[in-house]
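Here are my notes after a pass through the model, set out as numbered points. Have the viewer open while you read.

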Amino acid sequence: MISVIMATFNEPLSYIKAAIESILNQTYTDFEFIIIDDSTNPETIEAINSYTDDRIIIIREKSRMGFARALNEGLKRSKGQFIVRMDGDDISLKDRLEKQLEYLIAHKEIDILGGNMLIINESGNVVSQRDYPTNGLSLKFSAIFRSPVAHPTVMFRRSIVENHLFYDETFTKAEDTEYWFRLRNMGYKIANLPENLLRFRISGDLAKKRSG
């Protein structure tokens, strides 16, 4: 039913394990978990390889793929009716998949669904929260200033992939914002759940990478 797509690149051991286990321990269990690993760090590679869950599919190539291409490789391999994004340094709340799937089944007019995030530091402690407008005019107005959805919280319909709509690999930053705006301009409908779905990690170098 669901394909979870996670692109990874040299995340610290504790981060990658927490991210993977937050998906494996979801209350909803009918999913495949595609990890596109671009890592060169042996510890990260070994940590990913240590999981033997049959739902995990690991994709690696000999040369560096880059983030957007890695995501596209995952999308092309996916089989689920719904696609979920996940990053290797975040933690999905345990009922995230269940809540998003339930919403999209009930709201067939919505194609792309995000949600709110708890912001955590390197120790995993919550330091703030980021909320997103649910839909309608407030979401359209918000999109003038930032992405209409938080990338690592997104679940979207397979029809987008079937229409050969992928991330633009020429973007080295903001590939998600370009993607959502392009899809929105093509008529795909976006909404956000008014509740937290994810613990979003910002610390050290990640703070610079994820706040620009």
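The points below go from the cores to the strands, a helix, the salt bridges and two single residues.

1. First, a reminder that this is a predicted model. Please read every distance and accessibility below as computed from that prediction.

2. Start with the nonpolar cores. The largest one has 35 residues, and Ile2, Val4, Met6, Ile20, Phe33, Leu97 and Met155 are those with the most contacts inside it. Two or more residues come from each of β1, α1, β2, α2, β4, α4, β6 (112-120) and β9. Ile20 is a handy place to centre the view: leaving out residues up to four places away in sequence, it touches Met6, Phe33, Ile35, Ile48, Tyr51 and Ile56. There is also a second, separate core of 26 residues, with Ile36, Met65, Leu139 and Phe166 among its members.

3. Strand β4 (residues 82-87) deserves a look next. Six of its six residues are buried, so the strand is largely enclosed by the rest of the structure. Phe82, Val84 and Met86 point one way, while Ile83, Arg85 and Asp87 point the other, and all are buried. That is the pattern to expect, as side chains in a regular strand alternate between the two faces of the sheet.

4. What does β4 pair with? With β1 it pairs in the parallel sense over six bridges, and Ile2 stands opposite Phe82 there. With strand β8 (residues 155-157) the pairing is antiparallel, over three bridges. Phe156 in β8 is the bridge partner of Ile83.

5. One detail in β4 that I'd flag: the side chains of Arg85 and Asp87 form a salt bridge, 2.5 Å from N to O. Are these two charged residues buried or exposed? Arg85 has a relative accessible area of just 2%, so it counts as buried. Asp87 is at 10%, which also puts it in the buried class because the cut-off is under 20%.

6. Now helix α2 (residues 42-49). Its buried residues are Thr44, Ala47 and Ile48. Viewed down the helix axis they fall within an arc of 95°, so they line one face. The spacing makes sense, because an α-helix has 3.6 residues a turn and residues three or four places apart point the same way. Pro42 and Glu46 are the exposed residues on the face turned away from that buried side. The cover over the buried residues includes β1 (2-8), α1 (13-24), β2 (31-37) and β3 (56-59). At the N-terminal end of α2, Asn41 acts as a cap, with a side-chain oxygen 3.1 Å from the backbone nitrogen of Glu43.

7. On the charged pairs in general, the structure holds 10 salt bridges. One of them joins Arg55 and Asp53, with the closest N and O atoms 2.9 Å apart. Asp53 is partly exposed, at 24% relative accessibility.

8. Another salt bridge, between Glu195 and Lys99, measures 2.6 Å from N to O. This pair ties together distant parts of the chain: Glu195 sits in strand β9 (residues 190-201) and Lys99 in helix α4 (residues 96-106), 96 residues apart. Glu195 is partly exposed at 30% relative accessibility, and Lys99 is partly exposed at 27%. Elsewhere on the list, Glu61, Arg69 and Glu73 are joined into one network by salt bridges that share partners.

9. Ser92 is worth a click. It lies in strand β5 (residues 91-92) and is buried, with a relative accessible area of 4%. Its side chain makes a polar contact with the side chain of Arg96, at 2.9 Å. Setting aside residues up to four places away in sequence, Ser92 touches Ser22, Ile23, Gln26, Met86, Leu197 and Leu198.

10. That brings us to Leu198, in strand β9. At 0% relative accessibility it counts as buried. Beyond its neighbours within four places in sequence, its contacts include Met86, Asp90, Ile91, Ser92 and Leu93, along with Arg96, Asn116, Met117, Leu118, Pro152 and Thr153. As for Ile36, a member of the second core, its C-alpha is 20 Å from that of Leu198, and the two are 162 residues apart in sequence.

Definitions and conventions. Residues numbered from 1 in each chain as written. Predicted model: local features only at pLDDT ≥ 70, side-chain atom pairs only at ≥ 80, totals over all residues. Heavy atoms only, no water. Buried < 20%, exposed > 50% of the residue type's maximum accessible area, 1.4 Å probe, protein only. Polar contact = N/O pair within 3.5 Å; in protein donor to acceptor, adjacent residues only side chain to side chain. Contact = heavy atoms within 4.5 Å. Salt bridge = Lys/Arg side-chain N within 4 Å of Asp/Glu carboxyl O. Arc of directions from axis to C-beta. Pairing = 2+ DSSP bridges. Core = buried A, V, L, I, M, F, W, Y, C linked by side-chain atoms within 4.5 Å.
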